[in-house]
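The following paragraphs accompany the structure shown below and lead the reader through its parts in turn.

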Amino acid sequence: MKQPTEIRPATGKLGVLLPGFGAVATTFVAGVEAARRGLAKPIGSLTQMATIRLGKRTEGRAPFIKDFVPLADLDDLVFGTWDPIPDDGYASALNAGVLHKEQHLDPIKDFLSSIKPMSAAFDPGYVKKLDGPNKKKGANKRELAEAIRADIRRFKEENGCDRLVMVWCASTEIYVRPGPVHETLESFEKGMEDNDPGIAPSQLYAYAAIMEGIPYANGAPNLSADFPALENLAVEKGVPIGGKDFKTGQTLMKTILAPGFKTRMLGLNGWFSTNILGNRDGEVLDDPESFKTKEVSKLGVLEHILQPNMYPELYGDMYHKVRINYYPPRGDNKEGWDNIDIFGWMGYPMQIKVDFLCRDSILAAPIVLDLTLFMDLAGRAGMKGIQEWLSFYFKSPQTAPGLYPEHDLFIQHWKLKNTLRWMMGEEQITHLGVEYYE
Ligand SMILES: NC(=O)c1ccc[n+]([C@@H]2O[C@H](COP(=O)([O-])OP(=O)(O)OC[C@H]3O[C@@H](n4cnc5c(N)ncnc54)[C@H](O)[C@@H]3O)[C@@H](O)[C@H]2O)c1
């Protein structure tokens, strides 16, 4: 990737297109509006709250990221969504049950009610536990993709947007393996015409976005833009893409803890993770085929952080199990338990128990915001194809073919900030620091 020589300014409106208007998407949109009205703070968002050190520690230069790189302003965001369930933003947020009605939804009811989802390219064959009436009709999948493209153009025109970004916030689809249909643009377009079962709705949105020159990020674990046909199309069209699966909850904890064990050369022979959650996402994941997609995304993490091939004595015999249990009384307030069996000096065993009473959508919303703003930045900087520097936000980061993903949250964070420095022509920070002792 070439170092940007210039970054176009973030002038005008940025349209944020969200396939899926459920818990995560409504929590994100409501939080942005609350921040704009000064009713709440965008906590958890690096673009809004983090600083970045520049130069030497003695220079005292640490601006906010948003003052260092040219990002779109929150006031310039406008939102468009698709969902087979026709609820407007207020009704959907109430149903999701994440934010307090009186404290956080009623004060912005006018705004939330004004966002109504466009008809979705939805097929219940790919999300078994859901259905809704707000769906597109088409003779084949290509027609559905073209209808999404028409929606995109109309939305841009009607809202006077300068630029757009798309972030998939819809349900986890069933597990689909990449096959011959995903190899080239020709095979993919022919596959859409033939209604190939390997082409799920999320792929149609990704295709539509890339064809329209819009950056695309995938917040769910299903196959969406992570196959050769769309990866190559993104490069050809000069569009940034990234995925997949927002890194929240238990996997966030895993990518915080596991690098700690590894750096101290502590062994690990077992990690059992179980969750109870009762939101719509939990219901969708109760279907074994959707769970399989999630499981694959969650399991890769430890393998890549701990590198059992390089450290067989410490991690060669590790048992990793992940369970998700749908339990309606809990709603969006998930509880995740981890039992971690580690061992230390002379092989003595120890146990760590983590009980994380988390709120999934509260952790996911700032990720949607940061991905929106950073993807838009990448687009204006002429960066195209897979944006590995945004791995920080994903459970299962998309990488160049043949390259293993970096899962360690701290390496990902370092990579993200160094990329921002690189984009702006600032020196990389290596943390070597010998110059302070000369
Ligand atoms: N909440 C988290 O912390 C978190 C973390 C990682 C990933 N995710 C993923 O983000 C996604 C959204 O999570 P959520 O909690 O908001 O779920 P949700 O069930 O509340 O919302 C998803 C919405 O997507 C809609 N949808 C399904 N298929 C669609 C299609 N083809 N087109 C348009 N809309 C469609 C559904 O009708 C639903 O309203 C899920 O895939 C989830 O696995 C969430």
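The model is predicted, and the walk through it may begin in a loop. Asn-195 is located in the loop that runs between H8 and helix H9 (201-211). Although Asn-195 is not a glycine, its phi is positive, at about 55°. A second backbone feature concerns Lys-244, which lies in the loop between strand S5 (240-242) and H11. The peptide bond leading from Gly-243 to Lys-244 is cis, and its omega is near -15°. Both features may be set against a general background: most residues other than glycine have a negative phi, and most peptide bonds are trans.

Helix H8, which precedes the loop of Asn-195, packs against another helix. Helix H7 (residues 141-159) and helix H8 (residues 185-193) meet at an angle of about 105°, and their axes are 5 Å apart. With that angle, H7 is roughly perpendicular to H8. On the H7 side the contact involves Lys-141, Arg-142 and Ala-145, and these meet Glu-189, Met-192 and Glu-193 of H8. Sorted by class, this contact of H7 with H8 contains four charged residues, two nonpolar residues and no polar ones.

The overall architecture can now be considered. The domain assignment divides the protein into domain 1 (13-246 + 362-423) and domain 2 (249-357). Taken over C-alpha atoms, the centres of domain 1 and domain 2 are separated by 26 Å. Across the boundary, 27 residues of domain 1 are in contact with 28 residues of domain 2. The side of domain 1 that touches domain 2 consists of 13 nonpolar, seven polar and seven charged residues.

A further helix pair is formed by helix H11 (residues 249-263) and helix H13 (residues 288-306), which pack at an angle of about 20° with their axes 9 Å apart. H11 and H13 are therefore roughly parallel to each other, and H11 passes H13 in a right-handed crossing. H11 contributes Thr-251, Lys-254, Thr-255, Ala-258, Pro-259 and Lys-262 to the contact, while H13 contributes Lys-298, Val-301, Leu-302, Ile-305 and Leu-306. Six of the residues in this contact of H11 with H13 are nonpolar, two are polar and three are charged.

The ligand is the next point of interest. It is surrounded by 37 residues, of which the closest are Gly-20, Gly-22, Ala-220, Arg-280 and Asp-360. Which domains supply this shell? Domain 1 and domain 2 each provide at least three of its residues. By class, the shell around the ligand comprises 22 nonpolar, 10 polar and five charged residues. Helix H1 (23-36), helix H12 (280-285) and helix H15 (360-380) each supply at least two residues of the shell. The largest share, four residues, comes from H15.

Two of these shell-forming helices, H1 and H15, also pack against each other. The angle between H1 and H15 is about 65°, and their axes are 8 Å apart. This makes H1 roughly perpendicular to H15. The crossing in which H1 passes H15 is right-handed. From H1, the residues Ala-23, Val-24, Thr-27, Phe-28, Gly-31 and Val-32 meet Ser-361, Ile-362, Ala-364, Ala-365, Val-368 and Leu-369 of H15. The contact of H1 with H15 holds nine nonpolar and three polar residues, and no charged ones.

Technical notes: Residues numbered from 1 in each chain as written. Predicted model: local features only at pLDDT ≥ 70, side-chain atom pairs only at ≥ 80, totals over all residues. Near = placed C-beta within 6 Å. Nonpolar A, V, L, I, M, F, W, Y, C, P; charged D, E, K, R; others polar. Domains from an automatic or database assignment. Axes fitted to C-alpha atoms, helices over the stretch in contact; angles between N-to-C directions. Parallel < 35°, antiparallel > 145°, perpendicular 65-115°, else oblique. Left-handed = near helix turned anticlockwise from the far one by under 90°. Contact = placed C-beta atoms within 7 Å.
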